[in-house]
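Let's take a walk through this one together, going from the overall build down to a single side chain. Have the viewer open as you read.

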Amino acid sequence: MEVTSAAPTLAIQNLTFGEGVLYAILGMLVVFFALVLIMVIIKILVKVTDSSAAKKAAKAAEAPAEAAPAEPAAPVKRDDPAPGTAGDIKLYTTDPKDAAMIMAIVADALGKPLNELRFKSIREIKE
Amino acid sequence: MANIIATLGRLGQTSGFFGLFTDWRQIVMIVIACILLYLGLVKKFEPLLLVGIAFGMLLTNLPFGNMYNPELWDLYIANGQSVASLSPELQAFIAEHGFIFADGVVQLTFTELIHAGGLLDIMYIGVKIGLYPSLIFMGVGAMTDFGPLIANPKSLLLGAAAQLGIFVAFLLAIVIGFPANVAASIGIIGGADGPTAIWLTSKLAPDYLAPIAIAAYSYMALIPMIQPPVMKALTTKEMREVKMDQLRPVSKTQKILFPIIVTIFTCLLLPSVAPLLGCLMLGNLFKESGVTDRLSDTAQNALMNIVTIFLATSVGATARYDRFLNWKTLAIIFLGLMAFEFATCGGLLLGRVMYRITKGKINPLIGSAGVSAVPMAARVSQKVGSEANPSNFLLMHAMGPNVAGVIGSAIAAGFLLAVFGG
């Protein structure tokens with residue numbers, strides 16, 4: 001049994017090829033316009049939030065300079081290093097998160113546990 | 001003795017085995033469902049969806065199960081039309097089910113539909129009202145990191161260019177002779193986004209839901225095979241070897257504000273896209289806000305899994321033998337492939353333009369990720385890029401166009417619905 005469905009009433013049912021081309025171009029323009037709009041919004045958003053973050057950072061930097069010089073603080077007692085650690089690591093232009101990931105990758109590639117390796121410093125090399 | 005034989009005869013006639021031989025196409029559909037099950041279970045082609053779709057297809061083609069009745073949905077679509085204007089088959093269906101409509105005008109409510117329908121008809125309501133695709137989008141949003149997109153907003157252009165496949169497939173469908181609403185639904189396969197394809201098709205061309213969903217999900221699974229030949233044909237080795245600069249870090253504030261601002265502007269620009277983009281951005285806000293971790297977890301796990309079961313099974317159920325087995329299904333499968341290929345071409349070609357403009361700072365391969373299919377398409381960009389240069393890591397760069405493609409295909413769907421939705 002071939003069942004004929006009752007199609008919904010639509011504004012546009014049949015198109016010629018020429019009309020189809022026009023709708024396709026219009027559709028691409030709408031998609032580009034919407035995404036370019038989002039692109040502009042992101043750029044404005046990034047500018048506004050970055051400048052406000054920079055202002056906050058500048059204020060935070062100014063605050064200790066303006067404050068009266070404090071009594072020399074008692075030396076901060078450092079926590080004991082975790083068992084198996086071998087000193088500190090120096091990070092140059094590298095996030096602690098990225099450093100942790102790099103160390104984990106190196107340990108995995110060498111097939112050795114992290115506490116058997118010693119990392120002295122990590123520096124991002126820009127080409 | 002005669003009574004026993006008559007009873008056995010009646011039992012035989014009401015069994016599914018007898019029903020199978022009333023139309024050979026049911027057997028063909030059961031075989032197709034089993035092949036799709038094989039592809040999902042053994043070959044792991046999008047198994048989370050394909051297994052449900054294939055099983056729904058199997059259930060709907062088992063005779064006398066009455067789990068899904070497409071005629072009921074035809075009647076629902078025909079609400080407001082006079083019974084006399086309907087096809088003889090639908091009129092026979094009305095008589096068989098004892099529907100009485102005042103003034104001879106079809107008025108079928110969801111309550112009547114639930115009473116008369118089978119289990120899968122009830123589950124299909126969520127597809128029909130656009131609930132499941134939107135909820136899936138919420139889960140997708142909760143799993144998506146828009147960081148690479150915010151870090152490199154130019155990726156949005158690549159996401160837009162990769163929507164070329166939608167409109168080329170739409171045109172090809174018009175040329176083949178499909179009506180505009182069906183052509184629009186076929187075109188959206190090029191968005192490489194299952195929920196968007198289902199959402200639009202359930203509104204524009206519900207009769208074509210099964211072939212379109214199957215084509216969309218099958219080609220998404222086949223992206224690692226479909227895209228690389230086009231990527232290699234449209235780029236030189238020198239282009240593929242380009243190493244891109246590291247993305248700048250994105251602050252938490254930017255990630256929180258992004259979904260709110262994009263929702264406001266996009267939904268104001270194209271209101272028809274609000275259900276999909278609104279849910280996508282809500283899910284993303286749950287993820288990024290840091291104060292709704294439980295909701296984010298539910299959206300991307302429990303809710304998403306539950307909705308996926310309902311969506312896949314009910315979409316598969318629409319593939320009943322008398323509606324699925326025809327030349328149009330084959331045409332849709334072919335057009336779907338064209339849609340994916342042209343979408344890849346669109347992203348790559350704009351990628352080449354950006355490569356020239358930036359004097360080789362952008363690797364055009366990330367353009368092919370603009371087809372959506374998150375994160376498969378981005379992984380393919382990474383793979384092809386690392387084949388050309390083993391120290392090349394394009395994944396995060398490709399994620400920008402990839403998530404831009406999700407937004408782009410939702411906007412394209414909103415446009416097609418606004419134009420052809422009546």
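What follows starts with the ground rules and then moves inward.

This is a predicted model, so to speak with conditions attached: local features need pLDDT of at least 70, side-chain atom pairs count only at pLDDT 80 or more, and totals for chains, interfaces and linings use all residues. Residues are numbered from 1 along each chain as its sequence is written, while chains are lettered from A and ligands numbered from 1 in the order in which they are written.

Start with chain B, which has 25 helices and 0 strands (DSSP runs numbered from the N terminus, with H or I over at least four residues for a helix and E over at least two for a strand). Its radius of gyration is 23 Å, close to the 22 Å from the globule rule for 422 residues, so chain B is as compact as a globular protein of that length; the radius is taken over C-alpha atoms, and the rule is 2.2 Å times the number of residues to the power 0.38. Along the principal axes, the C-alpha atoms of chain B fill a box of roughly 85 × 45 × 40 Å.

The domain assignment, which is automatic or from a database, splits out domain 1 (71-105) and domain 2 (131-420) in chain B. Their C-alpha centres sit 38 Å apart.

Now look inside. Of the 422 residues of chain B, 55% count as buried, meaning 20 or more other C-beta atoms within 10 Å of a residue's own (exposed is 12 or fewer, partly exposed is in between, and C-beta atoms are placed from the backbone). The largest nonpolar core has 147 residues, and Ile53(B), Ala169(B), Phe170(B), Ile186(B) and Ala213(B) have the most contacts inside it. Such a core is a set of buried Ala, Val, Leu, Ile, Met, Phe, Trp, Tyr and Cys residues joined through C-beta atoms within 7 Å. Helix H25 (residues 395-420) of chain B gives this core its largest share, 14 residues. Apart from it lies another core, of 8 residues, including Trp73(B) and Phe93(B).

Finally, zoom in on Phe137(B), in helix H9 (residues 131-143) of chain B. Phe137(B) counts as buried because it has 30 C-beta neighbours inside 10 Å. Not counting residues up to four places away in sequence, Phe137(B) touches Pro195(B), Leu276(B), Cys279(B), Leu280(B) and Gly283(B), where contact means backbone-placed C-beta atoms within 7 Å.

Conventions: Contact = placed C-beta atoms within 7 Å.
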